[in-house]
Amino acid sequence: MRVLAINDISCVGKCSLTVALPIISASGVTCDILPTAILSTHTGGFAGYTFRDLSEDIPAVLAHWKSLGLKYDIIISGYLGSIDQIEMVKSTKKDFLKEGGLMIVDPVMGDNGILYSHFDKKFVEEMKGLCRTADVIVPNLTEACFLTDTDYAGVTEKDYPAVIEKLKQLCPRPSVTGCDVKNGGKAESRVFYTDEHGQTKSYATEKIEGAFHGAGDVYASALVGCLARGVDTDTAVKISAEFTTNSIRQTALDKTEARYGLNSESQMYAYLKALNEAAK
Ligand code: PXL
């Protein structure tokens with residue numbers, strides 16, 4: 001099983017490839033990488049970060065891979081620095097995804113109702129186009145709202161199923177993280193998702209108060225790891241959501257700064273144990 005992760009390298013801040021590579025590899029499959037940019041840190045919460053766009057290098061990288069005859073069972077794309085890079089992902093899918101392979105798009109664009117730096121409405125429109133080429137998309141609620149032209153500020157829990165239905169017009173298997181729900185007196189964070197049979201469901205974990213950077217990257221990477229090991233969507237969502245929540249809980253306990261990412265390292269063993277049980 002061979003996975004390709006297309007994402008940036010944020011050297012500090014635990015997101016993108018520094019999260020995808022360890023989690024997907026530990027899941028027991030090959031994870032090759034296509035770095036889209038190198039940054040000193042990610043762009044969320046740090047001033048003065050460096051940003052080297054690697055677009056110029058990518059055509060030669062892909063040409064070399066073509067000469068090697070490389071093909072992938074799963075391609076996952078994440079942070080893309082430009083509309084040109086969205087086009088590059090589409091052509092990489094055409095050239096390198098095996099027949100019957102899985103294209104997974106994490107439409108990284110924003111959080112907490114706002115777009116990250118460098119992104120605008122035009123980028124959102126192009127990202128909708130990339131999502132149309134995907135089998136699975138893993139937006140957070142903010143990204144799901146941008147992709148469906150839904151006003152994030154006005155969204156309440158009764159609207160989540162409608163957001164999923166709209167996302168299904170872009171991609172058959174959306175999985176939306178960070179959907180806060182009040183269940184009686186208890187606050188839950190739910191993932192709303194559509195499984196491989198077209199059924200829409202949700203899975204709840206404990207809501208841990210606070211904003212945590214990089215949670216979407218941990219969730220997406222774990223989901224890829226599970227799907228790569230042949231785990232069904234219900235179980236993959238459950239295992240990935242629990243791993244993410246455990247990592248958030250650990251980060252809250254450690255009281256490390258949110259911008260330095262999730263402390264998922266100590267939660268990896270429990271994730272792998274659950275994955276290996278499910279993949280038997
Ligand atoms: O975690 C998403 C992400 C990935 N890559 C870069 C980012 C962000 C979010 O801020 O800035 C460069």
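A residue counts as buried when its relative accessible area is under 20% and as exposed when that area is over 50%. The exercises below concern a predicted model.

**Exercise 1.** Determine whether Thr-36 is buried or exposed, and describe its surroundings.

*Solution.* Begin with the secondary structure, where Thr-36 belongs to strand E2, which spans residues 30–41. Next, take the relative accessible area of Thr-36, which is 0%, so that this residue is buried. Then turn to the side chain of Thr-36, which comes within 3.2 Å of the backbone nitrogen of Asp-8. Finally, setting aside neighbours within four places in sequence, list the contacts of Thr-36, among them Ile-6, Asp-53, Leu-54, Tyr-79 and Met-88.

**Exercise 2.** Explain why Cys-31 and Cys-131 do not form disulfides with their closest cysteines.

*Solution.* The criterion to apply is a pair of cysteine sulfur atoms within 2.5 Å. For Cys-31, the closest cysteine sulfur is that of Cys-226, and because the separation is 14 Å, it is too far for a bond. For Cys-131, the closest cysteine sulfur belongs to Cys-171, at 6.8 Å, and is therefore also too far for a bond. A search of the whole structure accordingly finds zero disulfides. As to burial, Cys-31 is buried with a relative accessible area of 11%, and Cys-131 is buried at 0%.

**Exercise 3.** Identify which residues come nearest to the ligand, and examine their polar side-chain atoms.

*Solution.* Of the 13 residues around the ligand, those that come nearest are Asp-8, Ser-16, Thr-43, His-213 and Asp-217. Consider next the distances to a ligand oxygen atom: a side-chain N or O atom of Thr-43 lies at 2.6 Å, one of Asp-217 at 2.8 Å, and a polar side-chain atom of His-213 at 3.1 Å. As a last step, consider coverage, for the protein covers 98% of the 320 Å² of accessible area that the ligand has on its own.

Note on methods:
Residues numbered from 1 in each chain as written. Predicted model: local features only at pLDDT ≥ 70, side-chain atom pairs only at ≥ 80, totals over all residues. Heavy atoms only, no water. Helix = DSSP H or I, 4+ residues; strand = E, 2+ residues; numbered from the N terminus. Buried < 20%, exposed > 50% of the residue type's maximum accessible area, 1.4 Å probe, protein only. Polar contact = N/O pair within 3.5 Å; in protein donor to acceptor, adjacent residues only side chain to side chain. Contact = heavy atoms within 4.5 Å. Near = heavy atom within 4 Å. Areas by Shrake-Rupley, 256 points an atom, 1.4 Å probe, with all protein chains shown as cover.
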